[in-house]
Amino acid sequence: MATILRDDEITSRLVALPGWSQVDGKLHKELRFADFNEAFGFMARVALVAEKRDHHPDWSNSWNTVVVDVVNHAAGGITAQCVDLCIAIEAIAREMLERSAPTA
């Protein structure tokens with residue numbers, strides 16, 4: 001079974017994940033995209049990564065907003081695997097948001 005991270009370990013790892021926080025024992029972030037299509041495209045890309053890792057986020061989507069919560073249900077808390085998934089999610093979000101940003 002995976003080892004649950006201590007609060008100080010979680011805090012130090014969140015430094016590398018802008019906008020992520022620990023909420024109700026989960027790693028949490030709310031992302032806003034240009035529209036529903038981009039939000040859903042983000043979710044589709046994350047779903048492929050999550051399935052490959054066999055570690056899936058709890059999430060919801062409302063038009064252009066995706067709320068993501070990551071926890072290791074089997075371990076009963078936040079593990080290194082959770083942080084690794086958040087790093088992958090963050091990379092996908094950054095790439096998509098940079099591509100959709102207006103150019104000057």
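The legends below describe an overall view and several close-up views of one predicted protein model.

Residues are numbered from 1 along each chain as its sequence is written. Because the model is predicted, local features need pLDDT of at least 70 and side-chain atom pairs count only at pLDDT 80 or more, while totals for chains, interfaces and linings use all residues, and side-chain values use heavy atoms, with hydrogens and water left out.

**Figure 1. Overall view of the protein chain, with three helices and four strands.** Read from the N terminus, the order of elements is α-β-β-α-β-β-α, where helices (H or I, at least four residues) and strands (E, at least two) are DSSP runs, numbered from the N terminus. The radius of gyration of the protein chain is 14 Å, which agrees with the value near 13 Å that a compact globule of 104 residues would have; this radius is taken over C-alpha atoms, and the globule rule is 2.2 Å times the number of residues to the power 0.38. Along the principal axes, the C-alpha atoms fill a box of roughly 45 × 25 × 20 Å.

**Figure 2. Surface, burial and contacts of the protein chain.** Of the 104 residues, 39% are buried, a class that means under 20% relative accessible area, with exposed meaning over 50% and partly exposed in between (1.4 Å probe, protein chains only). The protein chain exposes about 6,100 Å², of which carbon and sulfur atoms supply 54%; accessible areas come from the Shrake-Rupley method with a 1.4 Å probe, and for residues only the protein chains shown count as cover. Among contacts (heavy atoms within 4.5 Å) between residues at least 6 apart in sequence, 65% join residues at least 24 apart.

**Figure 3. Close-up of Lys29 in strand S2.** Strand S2 spans residues 26-32, and Lys29 within this strand is buried because its relative accessible area is 11%. The side chains of Lys29 and Glu90 are joined by a polar contact of 2.8 Å, that is, a pair of N or O atoms within 3.5 Å, of which, within protein, one must be able to donate a hydrogen and the other to accept it, and residues adjacent in sequence count only if both atoms are side-chain atoms. Leaving aside residues up to four places away in sequence, Lys29 touches Pro18, Gly19, Trp20, Val66, Val67, Val68 and Glu90.

**Figure 4. Close-up of Asp54 and Trp63, two residues with positive phi.** Asp54 is placed in the loop between helix H2 (36-53) and strand S3 (58-62), and its phi is near 55°, a positive value in a residue other than glycine. With a relative accessibility of 59%, Asp54 counts as exposed. Trp63 lies in the loop between S3 and strand S4 (65-70), has a phi near 50°, again positive in a residue other than glycine, and is exposed at a relative accessible area of 53%.

**Figure 5. Close-up of Lys52 in helix H2, with its separations from Trp63 and Val23.** Lys52 counts as exposed, its relative accessibility being 78%. The C-alpha atoms of Lys52 and Trp63 are separated by 26 Å, although these residues are 11 residues apart along the chain. Val23, which belongs to strand S1 (residues 21-23), is partly exposed with a relative accessible area of 32%; from C-alpha to C-alpha, Val23 and Lys52 are 25 Å apart in space and 29 residues apart in sequence.
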